[in-house]
Amino acid sequence: MPRVFIPSLLRKYTGGQESVVVPGRTVGEVVRNLDQQFPGFRNQVVEGDDLKSSLAVSVDGDIAVGGLLEQVRESSEIHFVPAIGGG
Amino acid sequence: MDTPQTHQFKVIGTRPVRHDGLDKVIGRAKYGADYSFPGMLYGKVLRSPYAHARIKSINTEKALRLPGVKAVVTHADFAPQTTAPVYRMGGEAAVNPLYLASNILAKDKVLYAGHGVAAVAATSPHIAEEALALIEVEYEPLPLVLDLLEAMKPGAAIINPDLRRKDKPDEQTNIAGEFQFKRGDIEAGFKAADIIVEREFRTEMVHQGYIEPPNALGIFPGDGHATVYTSTQGPFDVRIMSATLLGLPEGNVKVVPAEIGGGFGAKLTVHIEPVALLLSKHAGGRPVKMVMTRTEMMRGATGPTSGSILRVKMGATKEGRIVAAKAWFAYEAGAFPGSPVWLGCFTGLSPYDIENFLVDGYDVLVNKPKTSSYRAPGATNAAFAVECVVDELANRCGMDPLDFRIRNASREGTQSVMGPKFPRIGYIEVCEAIKNSQHYRTPLAQVPGKYRGRGVATGFWINGGMQSSAIVNVHADGTASLVTGSVDIGGSRASTAMVVAEVLGLRAEDVRPAVADTDSIGYTDGTGGSRVAFATGLAAYQAAHDVVRQLKERAAKVWEISPEDVAWVDGKAISKKNGAPPLTLKELAPRLTRTGGPVTGRANVYATGVGPAFAACLVDVEIDPETAKVQVLRCTVAQDAGKAIHPSYVEGQMQGGTVQGLGWALNEEYVYDEKGTLRNASFLDYRMPTCLDLPMIEPVIVEVANPGHPLGVRGVGEVSIVPPPAAVANAVSMAVGSRITDLPISPPRLFKVLAARRG
């Protein structure tokens, strides 16, 4: 199952766990399942039907351009990261 | 196996003359201020003399009565905005439209000296200036806060009354955001350390220092469609921001990007574009041109980058292995939230593979201009602190500073501070490139009566991908044109054209690149985040391959065979079936009409596979003990480019970023008086380095192919600014025998250090 790495400021929602293994075929499904296990988590990363505008999600080391729609594999590693700007 | 490192490119890696070079050299290139239209008006902005004050009233009647004045606007003329982030800038980062509008023209409070309050359009710039003096603004001055630590204290003057402490929602605060990255057991890590170094550092607000001040020419007639000509890094960003502030559908705004005289991140947002459009609207659709003065640019809402306070504690074993790191970073956001502190939080430690770390970051409001992106935003501040502490650890371990860094280096598979594992990266290679440089192998000679020192530092920048579009048109003479939406700041027209030329088997000069307006090309994110050669280059590569696909079909028609029996090799169509002589593009082009008509290749990408960038800087300095002036004697920079498409422009980026980093290190700073007025708001007083101050910067391009790009390309535009302030601080510290902790290391500051040393 995919492994979700929890941002340190959101670990209060996962009982301090740094990462959680959650089933799901897309990032959105993983987040929904994670929220069932740890209520409140979804509201921290999702706004409406998309990721919060201040956030991006990385799947297997690459920024997932599909956001919540991005497909994940059984062995995927998922990280929520701040959205990147640049100069 | 054919890789970007072994492939024998014909165009990539060469150094052709840039396509836009002649226009720029002879003055034919059109910059924003060069545009003019019949009946054009001139816009000016009235700016606040107060750093913090409530606006009790604005009376524009006298100004409107002045002959020649055609419009006066204030914040109230923008479409109503909310704080909800409703769109994205640069493809990913959110923008708060109420803050954006309130920064351009103040809503009910002015939050820094130079904050825009009202704007005028008149038949001449002089009448517009005269009209500004006739606008009556009644202010109620408020307590102000300029110092970062003071702003964080309970009881500080509050800049935004809506901001609340996360832990105590009833209490107001100037802390607009908190960030944290944490892994492992920090206490156990420090217990395992034989050597611990802990320091506090400080940097001041600095400006990007682009030569061309912000400008805009807006045309907004009564048909609901607006056009703006402007110097910008992000035409599509200007489009959506202007449309939002004017209450228009996005597609009703067309942005025509001019040539750009520098931006370095600051021109990824709007400064006066919506104001020019608003004034045009109120002036019956007449074109309105606005060009900021240098003082407005420095003092006003164009966005310098943050000053910061940086506390770093790191522990290492005596064998030179870093076992724990703790960092506390506070960055000035200016008057509105949004400093790049979180980028500092994860970039500072990223060169190193550290098991236990804790990084906390704070985004803090002060009564100074809202900060904006500046080349690798946030990373230079953090690297300054971390790389100085790393240098001390290396010294205390008795190790060469580069060997120490290599021993602790991040590499492929290392989990980055942000979380995801690094792909193939070139950090070790850039360290080794400096170690092997002639500069490093040449001992630093001391001279009587001077202090000399040598310092190294390294830096990381994540680089961007985002969205790009490209169109390649094939012409009957066998040449091609390339149209993209990426404003060319650092030679990207040349590099993207070279990619197309490589694929199509043409010379670089046979591909003519152009930057299109927002109606003429698909969505393209801004020129920032070191993304253009990587992502727009990828779009150009795919568009060229789209052309190749079509050319193979045309060659198949000529040869009367199936397209599957045609290969494209080294810029030629090859028949796999009938042994016909190969056809080049130049030979195929005249036959396009009879084989199906015009050929155009297209590509739209949301680029993944971004390759992180690393750089290392080596600098020798000499200090005059009498004047405390630091002279840079020699400077070498190594950077991993993945694959350098046009090595000269990669070197140019490395040299440019390094020079900006050296200026940040040595002299540049915003100097405020106690009323919050910037005292050095010109290039005479804001001391940027000139060619007389610096030696030739020696660039060493390292090429560790990015596995995420078909040509191995990594972004090259930003990371070189990251290491120099720490490298200079390490060199000066060695020279004077005392740890330098504050930037800039200007003569007044360094003189105090030298005086203390003399006792």
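What follows is a chat about a predicted model of chains A and B.

Trainee: Start me off. What ipTM and pTM does the predictor give the complex?

Mentor: The ipTM is 0.92 and the pTM is 0.96.

Trainee: And what pLDDT does chain B average?

Mentor: Chain B averages 95. In that chain, 99% of the residues score at least 70.

Trainee: What should I do where pLDDT is low?

Mentor: Predicted coordinates should not be read in detail there.

Trainee: OK, chain B. How many helices and strands does it have?

Mentor: Chain B has 20 helices and 28 strands.

Trainee: What does chain B span along its principal axes?

Mentor: The C-alpha trace of chain B spans about 85 × 75 × 50 Å.

Trainee: How does the radius of gyration of chain B sit against a compact globule?

Mentor: It agrees. A compact globule with 759 residues would be near 27 Å, and chain B has 27 Å.

Trainee: What share of chain B is buried?

Mentor: Buried residues make up 58% of its 759 residues.

Trainee: And the contacts in chain B, how many join residues at least 24 apart?

Mentor: 80%, counted among contacts between residues at least 6 apart in sequence.

Trainee: Switch to chain A. What pattern does it follow along the sequence?

Mentor: Chain A reads β-β-α-α-β-β-β-β-β. That is 2 helices and 7 strands.

Trainee: Same checks for chain A, please. What about its radius of gyration?

Mentor: Chain A has 12 Å. A compact globule of 87 residues would be near 12 Å, so the value agrees. The C-alpha atoms of chain A fill a box of roughly 40 × 25 × 25 Å.

Trainee: What about burial and contacts in chain A?

Mentor: Buried residues make up 41% of the 87 residues in chain A. Of the contacts in chain A between residues at least 6 apart in sequence, 46% join residues at least 24 apart.

Trainee: Now the interface. How many residues of each chain are in contact?

Mentor: 19 residues of chain A are in contact with 33 residues of chain B.

Trainee: Which elements of chain A give two or more residues to that side?

Mentor: Strand 5 (55–59), strand 6 (62–63) and strand 7 (77–82) of chain A. Strand 7 of chain A gives the most, with 3 residues.

Trainee: What is the chemistry on the chain A side?

Mentor: The side of chain A that touches chain B divides into 9 nonpolar, 9 polar and 1 charged.

Trainee: Back to chain B. Which domains is it divided into?

Mentor: Domain 1 of chain B covers 21–29 + 464–607, and domain 2 of chain B covers 378–463 + 610–758. Their centres are 38 Å apart, taken over C-alpha atoms.

Trainee: How many residues does each domain put into the contact?

Mentor: The contact takes 17 residues from domain 1 of chain B and 18 residues from domain 2 of chain B.

Trainee: Which elements matter on the domain 1 side?

Mentor: Helix 15 (492–504) and helix 16 (532–559) of chain B each give two or more residues to the side of domain 1 that touches domain 2. The largest share there, 5 residues, comes from helix 16 of chain B. The residues on that side divide into 8 nonpolar, 8 polar and 1 charged.

Trainee: Backbone oddities next. What's normal, before you list any?

Mentor: Most residues other than glycine have a negative phi, and most peptide bonds are trans.

Trainee: Which peptide bond is cis?

Mentor: The one from Leu743(B) to Pro744(B), with omega near -5°. Pro744(B) lies in the loop between helix 19 (724–736) and helix 20 of chain B.

Trainee: What comes after helix 20 of chain B?

Mentor: Gly759(B), with a positive phi near 85°. The helix itself, residues 747–758, reaches 16 Å from its first C-alpha to its last, close to the 16 Å expected.

Trainee: What is the phi of Phe264(B)?

Mentor: Positive, about 55°, although Phe264(B) is not a glycine. Phe264(B) is found in the loop between strand 13 (253–257) and helix 8 (273–282) of chain B.

Trainee: Is Phe264(B) buried or exposed?

Mentor: Buried, because Phe264(B) has 27 C-beta neighbours inside 10 Å.

Trainee: And Ala628(B), what is its phi?

Mentor: Positive too, at about 65°. Ala628(B) sits in the loop between strand 26 (613–623) and strand 27 (630–640) of chain B. With 20 C-beta neighbours inside 10 Å, Ala628(B) counts as buried.

Trainee: Last one. Where is Ile58(B)?

Mentor: In strand 2 (residues 53–59) of chain B. Ile58(B) counts as partly exposed, because it has 18 C-beta neighbours inside 10 Å.

Trainee: What does Ile58(B) touch, not counting residues up to four places away in sequence?

Mentor: Thr74(B), Val117(B), Ala118(B), Ile135(B) and Val137(B). Ile58(B) and Glu138(B) are 80 residues apart in sequence and 6.5 Å apart in space, C-alpha to C-alpha.

Notes. Residues are numbered from 1 along each chain as its sequence is written. Chains are lettered from A and ligands numbered from 1 in the order in which they are written. This is a predicted model: local features need pLDDT of at least 70, side-chain atom pairs count only at pLDDT 80 or more; totals for chains, interfaces and linings use all residues. Domain bounds come from an automatic or database domain assignment. Two residues are in contact if their C-beta atoms, placed from the backbone, lie within 7 Å. Helices (H or I, at least four residues) and strands (E, at least two) are DSSP runs, numbered from the N terminus. Ala, Val, Leu, Ile, Met, Phe, Trp, Tyr, Cys and Pro count as nonpolar, Asp, Glu, Lys and Arg as charged, and the others, Gly among them, as polar. The radius of gyration is taken over C-alpha atoms; the globule rule is 2.2 Å times the number of residues to the power 0.38. A residue is buried if 20 or more other C-beta atoms lie within 10 Å of its own, exposed if 12 or fewer, and partly exposed in between; C-beta atoms are placed from the backbone. pLDDT is the predictor's confidence in each residue, from 0 to 100. The expected span of a helix is 1.5 Å times one less than its number of residues.
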